[in-house]
Amino acid sequence: MQKDFILITLADDDEDDRLFFTDAFEELKINTVVNTVNDGVALMNFLNAPGTVLPNIIFLDLNMPLKSGIECLKEIKANPKFKDIVIAIYSTSSSEEDIENTFVLGANIYIKKPSHFGKLKEVLSEVVTLNWQYITSGLNKDNFLLRM
Amino acid sequence: MFKSKLFDSIGFIRSVFLIAFFILIFLASITYRHIKELDKISDSIMNTYAISIELGQLISYIKDAETGHRGYVITNDSTYLEPFINARKNVNLTFQSLNNTIKSDTVKQQQLIRIYELVDKRFSYFKNNFANKDEFNTDFKNGKMVMDSLRSEIEIMLSTENKLLTTKDKLYKYNNSNTPLIVFSTFLISILILGLGYMRIIKNYKDLVTQNIRLKIFDESSKQSEILGKYGSWLLNIEDKSFNFSDNTFRLLGCKPQSFQANLENLLNFIHPDDQEIFTAAFQNIEESAMLPLIHYRILKKDTLEIRHFRTTAKIFIDRLGNKNMIGTTQDITEDYNKTQLIELRNKELVQNNKELMEFNHVASHDLQEPLRKIQTFISRIEDREKEQLSETAKSYFEKIQEASNRMRILIDDLLQYSRTNRSEKRFEEVDLNQVVSNAISELSENISEKKALIHFEKLHHVQGIQFQLEQLFINIISNSLKYSKTDEAAVVDINSKKVKAYKVPKLKDDSKKEYLKITFKDNGLGFEQEYAEKIFLLFNRLHGKKEYPGTGVGLAICKKIVENHKGYIFAKGKVNEGAEFEIYLPI
């Protein structure tokens, strides 16, 4: 049964953003299971907990208390257990610095949080339905930042 | 250079005088020898004359004796015998003196002995009593014969003496005929050499005088520059550790020139207690290291009692006489020190300011955007779901909220872009402007097709610059033209580039031959009043109402910033309803 669902985890400290995120997936009607964690520490605890079914895609906010998105990204990439998880950076900022850093650290895609709910749905559906195996092999900096 | 010349000269003069000295010694010895020879010759001439005279005398005494003898024989008067008796005595005396004169010459002595024998023989014929007339006749005859041979003997001796005299004279003449010439010419040469030496000395003296004047001038100017430059020079004799301070060194310490004994102990009294160690340590190893390391220290100025910062450095200098001295310079660097302190402070402030600016950037890029994004997302949710249920008034208010939030979004984005233009890395590379225009056109493609605009450009140049900034520049200018295009006419933008020399473009205010690339954007849009040509580049400055032409007034300000980043110039020309023209000058 699990094979039919795409497992998605969002790590974001902002309550409103988590709400938009879950609402968007509810409206999208794609077979996804979305769970959210409130910060970086919670994310790593969740991933490292025994018995956790690892998500297919993690949406990672950068600016979080306790443990930032960058730190989470480093930890995830350092652990071979998590090598199959697609990491989508999900941030308000689109500064060159952040894009550069996360790309170098091995994130798969960079999404700037849209300011329109409709746009958000479009972006999320695009990311989820991407053929990641294909994308990962042809990863380059030009298409790292998702432009819609 | 002057020194070595002078020293060469001294060597020259020394050798000149040495040569002259030896020539004079040579001259003196030649003269001495010459005089000695003359003396010898005259001695021997005198000798010869003495011999001749004595011989003549001898003959005359014998003649006297003969005459006396004859008188006595004829008259038998004994008075006639007197000369005869005297003659015998005189002859003996003459022989004695002759013998003395020629005692070194054996040949002459033999001659003399022969003459003596003859004289003796002659006297043997002087008899007072003759036995008969025959005896008398024989004696008389024999006496005459002896007398004749005596005469010839004396004649021979005299002629030998004369011959000797002539040969001696010849020899002397031969030996000394060149002497006057040699003496005279060597004398002339030595006069010449001495003259040369004299001239050289005079020249050196004149040089010394000029050099002295120059040194005086130099000394005076270095005194002045010491005062102006706030430095003092000093000399340290390594052997006896005595110092010699320039006047200004004293002044720097707040003392009257040469007002105290310059030595290390007295100097130490001026130095800040915390810095005395550095100071003495530096002077300890000067002999081994041949120099004084650059030291910084503080002193207490005696007259004003203020703390001044000093800097000292020195070097060992060995002069031609082998004296080891250390030549040093001490400078009052208080002003520089204070300025550096101030600059460091300002730098710290700048770093702080920059940090704050970066933080502000972050706030603007992240924290300000976040609530706005949420507002907009919520607006979009209401719009999708609830808008229809709103009253007409609420709907219009809602639309105004939407507009305002959109404007805020644009404003934040533009501001971010403006600040990013400011701080982004300035790595210059060769940029193909054709590529830049193509990228700008593709970026603006939607806008261009909407306005049915035509962008003309042909064979633009390459320029050194920052690619993405130049693209932003082109995008902003082209989109400005599109925005203010006429509604009844298709927008046309012409882009050209041309190389120009700075001095040919007066408005650049640069008279150099520096080359610039002039890029022109000309459109057929609404244009503007020329009086606003400079204002349009100011941040947040707008010529139109928000309603007709929405915008933040940041776009052209960004353009100006980018051009300034490239050390270039941007100018605008406008005519209402005819179009606008932007000129950009970028250095090549």
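Among contacts in chain B between residues at least 6 apart in sequence, what percentage join residues at least 24 apart? The figure is 62%. Keep in mind as we go that this is a predicted model. For chain A, the matching value comes to 70% of the contacts between residues at least 6 apart.

Let's start with chain A. Its 148 residues include 35% that count as buried, and its secondary structure consists of six helices and five strands. Walk along from the N terminus and you pass through β-α-β-α-β-α-β-α-β-α-α.

A good place to stop is strand β3 of chain A, residues 57-60. Side chains in a regular strand alternate between the two faces of the sheet. Here Ile57(A) and Phe59(A) point one way, while Ile58(A) and Leu60(A) point the other way, and all of them are buried.

Now look at what sits beside that strand. Strands of a sheet pair through backbone hydrogen bonds, and the pairing can be parallel or antiparallel. β3(A) pairs with strand β1 of chain A (residues 6-11) in the parallel sense, over four bridges. It also pairs with strand β4 of chain A (residues 86-91), again in the parallel sense and over four bridges. Leu60(A) is a handy marker for both pairings: Ala11(A) stands opposite Leu60(A), and in β4(A) the bridge partner of Leu60(A) is Ile89(A).

Next, a pair of helices in chain A. Two packed helices are described by the angle between their axes and the distance between those axes. For helix α2 (residues 40-48) and helix α3 (residues 69-78) of chain A, the angle is about 20° and the axes are 9 Å apart. Angles under 35 degrees count as roughly parallel, so α2(A) and α3(A) are roughly parallel to each other. The crossing of α2(A) past α3(A) is right-handed. Which residues meet there? On the α2(A) side they are Gly40(A), Leu43(A) and Met44(A), and on the α3(A) side Gly69(A), Glu71(A), Cys72(A) and Glu75(A). By class, the residues of this contact split into three nonpolar, two polar and two charged.

On to where the chains touch. Chain A puts eleven residues into the contact and chain B puts in twelve. On the chain B side, α10 (334-367) and α11 (369-385) each supply at least two residues, and α11(B) gives the most, with nine. What classes of residue does chain B bring to the side that touches chain A? There are six polar and six charged residues, and no nonpolar ones.

Finally, chain B itself. It has 588 residues, of which 21% count as buried, and its secondary structure comes to 16 helices and twelve strands. Five of its strands form an open sheet with mixed pairing, in the order β7-β9-β10-β12-β11. The edge strands are β7 (454-457) and β11 (569-575) of chain B, each pairing on one side only. If you ignore direction, neighbouring strands of this sheet are turned by 15° against each other on average. Helix α15 of chain B (residues 467-483) packs on the sheet, where it touches β7, β9, β10 and β12 (579-587), and its direction makes about 25° with that of β10(B). Within the sheet, strand β9 (residues 492-501) and strand β10 (residues 515-523) of chain B pair in the antiparallel sense over nine bridges. To find the register, look for Val493(B), which stands opposite Asp523(B) in β10(B).

Key:
Residues numbered from 1 in each chain as written. Chains lettered and ligands numbered in written order. Predicted model: local features only at pLDDT ≥ 70, side-chain atom pairs only at ≥ 80, totals over all residues. Axes fitted to C-alpha atoms, helices over the stretch in contact; angles between N-to-C directions. Parallel < 35°, antiparallel > 145°, perpendicular 65-115°, else oblique. Left-handed = near helix turned anticlockwise from the far one by under 90°. Contact = placed C-beta atoms within 7 Å. Nonpolar A, V, L, I, M, F, W, Y, C, P; charged D, E, K, R; others polar. Buried ≥ 20, exposed ≤ 12 C-beta atoms within 10 Å, placed from the backbone. Pairing = 2+ DSSP bridges.
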